[in-house]
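Visitor: I am new to this structure and would love a close look at a single part. Could you pick a spot, walk me through it, and then show me how the rest fits around it?

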Amino acid sequence: MTRPAAAVGLIVLGLTLATVRGSFGGGQDEEIVFVQTASLVRHRDLAFDTAEVAEVAAQALGPAQDGRHYAVYGPAQALAATPLYLAGSLAARLTGGGRATVVRWVGGFNPLVTALTAALLCLWLLALDLGRPVALATSL
C-alpha cells in the first residue's frame with residue numbers, strides 16, 4: 001500500500017520542482033522564507049535587515065522597526081524550513097555554492113510539503129479501499 005503513495009510523492013515532487021516559480025532561482029516567497037529562516041538560525045530572531053533581502057522580495061516586507069524588517073508571513077514556515085536551511089548551508093560549504101545554494105534548499109520546502117501531501121492523500125484513499133486507480137488519479 002505504501003509503494004503507490006511513494007511513487008505519487010516522487011512524481012509530484014519532480015513535477016513541482018520543475019514547474020513552480022522560484023524553484024530554481026528564488027522568488028519572492030522563497031526569498032522571504034529564506035531570510036526569516038536565516039535570521040532565526042543565526043540570531044534566534046525573525047527580524048532582518050533590508051540588505052539581506054533581494055530586490056524581488058521588497059514588497060513582502062512588514063514595517064521597519066529600528067532599521068529591521070519583519071516578513072508579512074508568520075514564523076511557522078521559517079521554523080519548519082530550518083533543517084533545509086542547515087542542510088543547504090552544509091551543501092554550500094562543501095560545494096562553494098554560497099547564498100544561492102542555501103536559497104534553493106530553503107525554496108524546496110513548498111515542493112516537499114506538496115509531495116508529502118499528495119502521498120498522504122494517496123495513502124488515505126487506499127486505506128478507504130477506493131481502489132488503486134482512483135487513489136492514484138485523485139492524488140496526482
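Guide: Let's start with arginine 44, which sits in the loop between H2 and strand E1 (48–49). Keep in mind as we go that this is a predicted model. The phi angle of arginine 44 is near 55°, a positive value in a residue other than glycine. Is arginine 44 buried or exposed? Its relative accessible area is 70%, and because exposed means over 50%, arginine 44 counts as exposed.

Now step back from that loop into the helix before it. Helix H2 spans 28–43, and together with helix H4 (82–95) and helix H5 (99–107) it belongs to the elements that give two or more residues to the largest nonpolar core. H2 provides the largest share of this core, five residues. The core has 15 residues in total, and those with the most contacts inside it are Phe34, Ala81, Tyr85, Val102 and Val106.

Take valine 102 as a guide to that interior. Setting aside neighbours within four places in sequence, valine 102 is in contact with Phe34, Tyr85, Gly88, Ser89 and Ala92. There is also a second, separate core of 10 residues, and among its members are Ala5, Val12, Leu125 and Leu126.

Helix H5 is worth a pause of its own. Which residues are buried in H5? They are Thr101, Val102, Val103, Val106 and Gly107. The cover over the buried residues of H5 includes H2, H4 and H6. A general point about helices helps when you look at such a list: an α-helix has 3.6 residues a turn, so residues three or four places apart point the same way.

H2 has another link to show you, this time to a residue on the outside. Leucine 79 lies in helix H3 (residues 76–80). Leucine 79 and glutamine 36 are 43 residues apart in sequence, yet 8.6 Å apart in space, C-alpha to C-alpha. With a relative accessibility of 58%, leucine 79 counts as exposed, because the cut-off for exposed is over 50%.

Arginine 44 also has a counterpart towards the end of the chain. Aspartate 129 is found in the loop between helix H6 (109–127) and H7. Its phi is near 60°, again a positive value in a residue other than glycine. Aspartate 129 is exposed as well, with a relative accessible area of 68%.

In this part of the sequence you can also find a nonpolar patch on the surface, formed by Trp124, Leu128, Leu130 and Val134. Together these residues have about 400 Å² of accessible area. One of them, valine 134, has its place in helix H7 (residues 132–139). Valine 134 has 40% relative accessibility, so it counts as partly exposed.

Finally, here is the whole chain. It has seven helices and two strands, and along the sequence they follow the pattern α-α-β-β-α-α-α-α-α. Buried residues make up 39% of the 140 residues. The accessible surface of the chain comes to about 8000 Å², and 64% of that belongs to carbon and sulfur atoms. Among contacts between residues at least 6 apart in sequence, 54% join residues at least 24 apart.

How values were computed. Residues are numbered from 1 along each chain as its sequence is written. This is a predicted model: local features need pLDDT of at least 70, side-chain atom pairs count only at pLDDT 80 or more; totals for chains, interfaces and linings use all residues. Side-chain values use heavy atoms; hydrogens and water are left out. Patches are made of residues with over 30% relative accessible area and no salt bridge: like charges are joined within 9 Å, nonpolar side chains (Val, Leu, Ile, Met, Phe, Trp, Tyr) within 5 Å. Accessible areas come from the Shrake-Rupley method with a 1.4 Å probe; for residues, only the protein chains shown count as cover. A salt bridge is a side-chain nitrogen of Lys or Arg within 4 Å of a carboxyl oxygen of Asp or Glu. Helices (H or I, at least four residues) and strands (E, at least two) are DSSP runs, numbered from the N terminus. Buried means under 20% relative accessible area, exposed over 50%, partly exposed in between (1.4 Å probe, protein chains only). A nonpolar core is a set of buried Ala, Val, Leu, Ile, Met, Phe, Trp, Tyr and Cys residues joined through side-chain atoms within 4.5 Å. Contact means heavy atoms within 4.5 Å.
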